[in-house]
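I opened this notebook to record, entry by entry, what I looked up while finding my way around an unfamiliar structure.

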Amino acid sequence: MNKLVELEKEQFEDFMKDNPKSHFLQSYYWGEFSKEKKNLNPYYMGLVDDKKKVKAACLLLEKKLPLGYSYFYSPRGFVIDYNDFELFDEMTKKVISFIKTKKAIFLKIDPDIIRKSYNYNNEEIKLDNNASEIFKNIINCGFKHLGFTKNFETMQPRYTFRIDMNNSFDDIYNHFSKTTKQRIQKAKNLETEVEIGTIDDIDTFYNLMMLTENRKDFVSYSKDYYKTQYKILSKNNMVKLFLGKVNTEKIINNLENTNKEIDAKIKEFGTDTSSLSKSSKNKLKELEKSFDKNEKEIEKYKDAQDKYGKIITLNAHMIIFYQDKAWVLYAGNHNVLTESYANYNTYFEHIKYAYEHGVKIYDQFGTIGDLRKDNPRMGLHEFKKKFGGDYVEFLGEFDYITNHFMYFVFTKLVPFYRKLVRKRSKKEINNEVNRNK
C-alpha cells in the first residue's frame with residue numbers, strides 16, 4: 001500500500017535526480033525560495049511504498065487566502081510516470097486528501113507534458129508519449145482543463161523553444177539561423193566578452209532588467225527578489241549569471257587600425273580615378289563605403305564610452321541548471337550598442353557552457369502560440385526561434401476543484417471586484433486631475 005508522506009530534503013532531491021520529469025520548479029530549493037519571497041508554504045510530498053521507495057513526488061506550494069482558505073499549486077505538475085494512469089490516479093487522490101486538510105479550494109498543476117513539437121524546419125516531431133491519452137487521464141482523475149491558451153496567461157509558459165543537447169555541438173550550431181551565425185561572428189570580431197558573474201553583479205543585472213521592462217512593457221521583480229533567488233539557488237549550484245560586455249577602448253582602437261589599413265588601400269588608387277577600370281572603381285567605392293561606416297561606428301563607441309565608461313555590460317542572463325536541464329529564466333539587455341550583437345554572443349556562450357556541462361535539454365523558457373504578425377510578443381518569438389530549438393507546446397493548466405463555491409468566489413468574483421476597484425480608482429484620479437487643471 002502506497003502512502004503520501006512529507007519527504008526530507010535528501011530523499012526528495014535523490015528522487016528528482018533519477019527522474020526524467022524533474023524540473024527546477026519542482027526542486028527543494030525552488031520551494032525554499034517560494035517560501036521566502038513568494039509567501040508560499042512548500043510541502044515536499046512523496047508517494048512511497050511499503051519498502052519506503054518513492055514512486056512519485058511533487059512540490060506543493062500553498063497560498064493562504066482570507067477566511068482560512070488556501071489553494072495549492074504544483075509547478076510543472078507531479079514528478080511521475082504520466083503513462084502509468086493508475087499511479088497518477090492514486091497520487092491525485094492522496095494529494096487531494098492532503099490539501100483538503102488545509103482547507104484548500106483547488107489544486108493547480110501544469111504538467112511538463114509536450115502536446116506537440118516542431119523542429120527548426122517546422123516538421124512535426126513524433127513524441128515518445130501519447131499526449132492525448134495522458135490528457136484524457138488527467139481529466140478522468142477529476143481535473144478541469146483551463147484551455148489551450150496562446151500567450152502568457154498561465155502560471156508558466158505553455159510554449160517554449162527547447163534545444164536538444166544530445167546532438168553534437170556542430171549540429172546545434174548549424175541549426176542556428178544564418179543571420180544569428182553572422183551576428184555571433186560580428187560580436188566575436190568586435191571581441192565582445194562574456195563572463196560568469198557573482199552575486200555582486202545582481203545590481204547590474206537588475207538595472208538591465210529594468211531597462212528591458214521599460215522597453216518591452218513587462219513587470220520585473222525587486223532587486224531583493226533576484227538577489228534572494230540567486231542566493232538560494234546558488235547553494236545547489238543551480239544558477240549562473242552570464243554577462244555580455246564590450247570594451248569600447250579596444251573596439252575603437254581596432255576600428256581605427258582597420259580604417260588605417262583601408263585608407264592605405266584607397267591611396268593606392270591615386271588621386272586621378274578617371275582612368276580606373278569599372279572593377280577597380282567598384283572596389284574603391286566599397287573601400288570608401290567601409291571606411292565611412294567604420295567612422296560612424298567609431299563615433300558611436302566614443303559617445304558610449306563618454307557616457308558609460310570603457311567597459312559596458314550590455315547583457316545579463318540568468319540561467320538555471322537542474323539535473324540535466326537548463327532554462328533561460330531572465331534576460332536583461334541594454335538599449336545601446338545593439339549593433340555589437342553582444343546579446344547573440346551571450347546566448348551562444350551559455351548554450352556552449354550548458355553543452356559542455358552535460359545539459360541534455362536547453363529551454364528558452366517561454367514564447368507564444370499566437371503567431372499573428374501584430375502580436376507584440378512576436379519579436380521575442382522570432383529572436384528565440386533563431387537559435388534552432390524545437391518549438392514545444394505543453395498541455396496547459398489543470399485545476400482540481402475541492403470547493404466549487406469558494407473556487408468561483410476567488411477565481412471569478414474577486415478578480416472582477418479588483419478590476420472594478422482599479423477602474424474606479426483610475427477614474428477618481430482622472431477627475432481629481434481635471435478639477436485641478
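Strand pairing. I began with strand β8 (residues 159-164), which is joined by four bridges to strand β14 (residues 390-394), the two running antiparallel. I then looked up Thr160 and noted that its bridge partner in β14 is Val392. I keep in mind that this is a predicted model.

The sheet. Following that pair outward, I found an open sheet of eight strands with mixed pairing, in the order β6-β14-β8-β13-β12-β11-β10-β9. I noted β6 (114-118) and β9 (193-196) as the edge strands, each pairing on one side only. Neighbouring strands of this sheet are turned against each other by 30° on average, direction ignored.

Helix across the sheet. I looked up helix α11 (residues 342-356) next, and it lies across β8, β9, β10 (239-247), β11, β12 (325-333) and β13 (361-363), running at about 30° to β11.

Helix α10. I then turned to helix α10 (residues 278-308), whose 31 residues reach 45 Å from the first C-alpha to the last, close to the 45 Å expected. Its buried residues are Leu284, Leu287, Asn294, Glu297, Ile298, Tyr301 and Ala304, and what covers them includes α6 (178-189), α9 (248-267) and β11 (311-322). Just after α10, I noted that Gly309 takes a positive phi of about 105°.

Nonpolar cores. In the largest nonpolar core, which has 40 residues, those touching the most other members include Phe24, Met318 and Ile320. I listed the contacts of Phe24, among them Trp30, Met238, Ile320 and Phe365. I also recorded a second, separate core of 31 residues, which includes Leu47, Ile99, Ala131 and Ile134.

How values were computed. Residues numbered from 1 in each chain as written. Predicted model: local features only at pLDDT ≥ 70, side-chain atom pairs only at ≥ 80, totals over all residues. Heavy atoms only, no water. Expected span 1.5 Å × (residues − 1). Buried < 20%, exposed > 50% of the residue type's maximum accessible area, 1.4 Å probe, protein only. Contact = heavy atoms within 4.5 Å. Core = buried A, V, L, I, M, F, W, Y, C linked by side-chain atoms within 4.5 Å. Pairing = 2+ DSSP bridges. Axes fitted to C-alpha atoms, helices over the stretch in contact; angles between N-to-C directions. Lists of a residue's contacts leave out its neighbours within four places in sequence.
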